[in-house]
Amino acid sequence: MSWNESTRYQRPTRPTYLPPHLRDQPPITDSISSSPSRSPRFGRGRGRGRGSRTRAPNQDRSWGGGSGGGDRFRETFSDPGPGPYPYSQSQAQPFRSSERFDELEVVEEGLSNVNLDAYDETPVETSGFDVPPPVTSFADVHFSAALMENIKRCNYVKPTPIQRYAIPVAMAGRDLMACAQTGSGKTAAFCFPIISGVLKDHAKTPAQILAEGRGMNLNMACPLALILAPTRELSCQIHDEAKKFAYKTGVKIVVAYGGAPIVQQFRNLERGVDILVATPGRLVDMIERARVSLRNVKFLALDEADRMLDMGFEPQVRRIVQQMEMPRAGVRQTMLFSATFPTEIQKLASDFLSNYIFLSAGKVGSSTDLIAQKVQFVADMDKKSRLMSLLISQRSNGSQGKPILTLVFVETKRGADALQQWLSMKGFPSIAIHGDKVQLERERALRSFRTGVTPILVATDVAARGLDIPHVAHVINYDLPRDIDDYVHRIGRTGRAGKSGLATAFFSDKNAPLAKALVELMMEANQEVPTWLLEYAETYSSSFTPRVNRSSGIKFGGHDYRRGASTGTENYDYSNQIADRRDVQPYGAGASSSYSCHSSDAGYSSPARANSFGEGLYNHMYGYNPVIAGGLN
DNA sequence: AAAAAAG
């Protein structure tokens, strides 16, 4: 890196005396560059020299050694080490989270064991003005050496489709609305460019920074980037992941969310923050207390953006984005990511964007055919026994004695507790997570599930979106959601990072409104649809749905709504699609199946394909149990 | 009639 550290402007992060005549002024004096450096609280902790003193003593600096420790690092990192369960790799330490979340498993494997070829065939749609061309490798992007090193450390070998397209767009400073299948690496797609952007900002001279009118602020954090997420756990996860990407770059990342002591989070902010990851409520609180200002935000990312803009969240998010000190669209860079993007939400979201590029990676509907989807008709009163049958048979088919991580979604918080207690009573090690639990319990539940201590997690939709829990082999929709988008996100907790997974849904009478959308989604993903479900779909849609209905029809987005706009004086460049080959490794030992497929019609796969490996996994888990196998469909 | 997000 060529910047001269001694002349770098260090943004203040702690109440520091500033002569009144310098406040909120762009002073020319060089006292700015020398004054901050005297304070040990200043600086961004570049990992050496003065910066390292600013690190919290409990921050994890024990691994990785110096810049020459790369090889040793890789060795440690790729070895999960001994543990009760093979996924306890966070205990190998390389990217252990710091501070109070060091107990939260950071099991994100980068995309190390991942079969990236599974994504090669993904069709990608792009639209908007002057779409920057995709890259084929991270090396094609102009990332700084430190960031590139971290990308390697995380074992990111090559970019996923969404990363190939989104990263150049983001690096070009363009606004972005991105729709990509669950588990395909969205977090990295916005984190890499943001970290890169922050690094470029760090390289600026004091004069450049002051010329932008960015003054010092007493006791008020002014992050350069803001990442919003809909749940506390997701914001933690993004924080943990972003920290790995920013390791030893000096980029400071802080997380803020409710249910945890705000003072601790203030303390974290005081140490300096470049990138703030937050849930909306806590962020608003902090802004109102004048401990955070959004005035310097240059990068805004909304993860699960469609959720952030749905009915419950929209006012809060709109307030943050439009009514606080946030620079307006076009001044800041805004990136919205989700696996689903209903048209109505796209319209709302376009308020936040300026001349944006729309990306859609994955098949229409954004469900993935890496997930084998099964639907069983189960009357409500029979659900418990059916669940038990499923669990018993997969228990006996577990590979090598390892528990099969099973995520069971229910409708209500009370229902989650009740089912979990019943399961525990019946001898199934399980734990529940929902929004009525105190934060510590929520985190404990997640950890206990991740590590396999309780291989069954009963959850509400709090766990439906974004959470990356490696090795979830089975998602059971004990209660189906009302909204097909939620279904897409729920089943997306399995089949992540190129692995295949299984999703089983219990469909009861009251789910009739979902039938049509479910059928369309399953057909899109080349899943076998039971005939009774087809009948449900037809019956319900003909007699109960006079016209296009909220819960029927494909509404996940996957296409730029501007394409359909009749006001189109603009010329969009549509449908840039790629197709290649794929190989898939399912979870579990015995049942690997792979294939390759060349497709010329832009990635729409043959019906036989998805089922071929889906059935492999399915048979692996259930094929030996005639009772269960016979009871399906 | 649900869940989530501030306390």
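**A buried alanine, a covered strand and a DNA contact surface**

With a relative accessibility of 0%, A416 counts as buried (under 20% relative accessible area, against over 50% for exposed and in between for partly exposed, using a 1.4 Å probe and protein chains only). The model here is predicted, so to speak of local features takes a pLDDT of at least 70, side-chain atom pairs count only at pLDDT 80 or more, and totals for chains, interfaces and linings use all residues. Residues are numbered from 1 along each chain as its sequence is written, chains are lettered from A and ligands numbered from 1 in the order in which they are written, and side-chain values use heavy atoms, with hydrogens and water left out.

A416 sits in helix α14, residues 413-425 (helices are DSSP runs of H or I with at least four residues, strands are E runs of at least two, and both are numbered from the N terminus). Leaving aside residues up to four places away in sequence, A416 touches V410, A432, H434, V458 and T460, where contact means heavy atoms within 4.5 Å. One of these partners, V458, is 42 residues away from A416 in sequence, yet the C-alpha atoms are 5.7 Å apart.

Strand β2 (residues 176-180) is mostly covered too, with five of its five residues buried. L176, A178 and A180 point one way from β2, while M177 and C179 point the other way. On pairing, which takes at least two DSSP bridges between two strands, β2 runs parallel to β7 (residues 333-338) and is joined to it by four bridges. Here A178 stands opposite F337. Five bridges link β2 to β8 (residues 357-361), again in the parallel sense, and A180 has A361 as its bridge partner there.

Then there is the DNA. Around strand B there are 23 residues, and G258, R282, K413, G435 and R442 come nearest; a residue is near if one of its heavy atoms lies within 4 Å. By class, this surface has five nonpolar, ten polar and eight charged residues (nonpolar being Ala, Val, Leu, Ile, Met, Phe, Trp, Tyr, Cys and Pro, charged being Asp, Glu, Lys and Arg, and polar the others, Gly among them). Helix α9 (residues 280-288) supplies the largest share, four residues. Of the strand B atoms within 4 Å of the protein, 78% belong to sugar or phosphate. Phosphate oxygens of strand B also make polar contacts (N or O pairs within 3.5 Å) with backbone atoms: 2.3 Å at G435, 2.8 Å at G258 and 3.0 Å at G281.

Note on methods:
A polar contact is a pair of N or O atoms within 3.5 Å; within protein, one must be able to donate a hydrogen and the other to accept it, and residues adjacent in sequence count only if both atoms are side-chain atoms.
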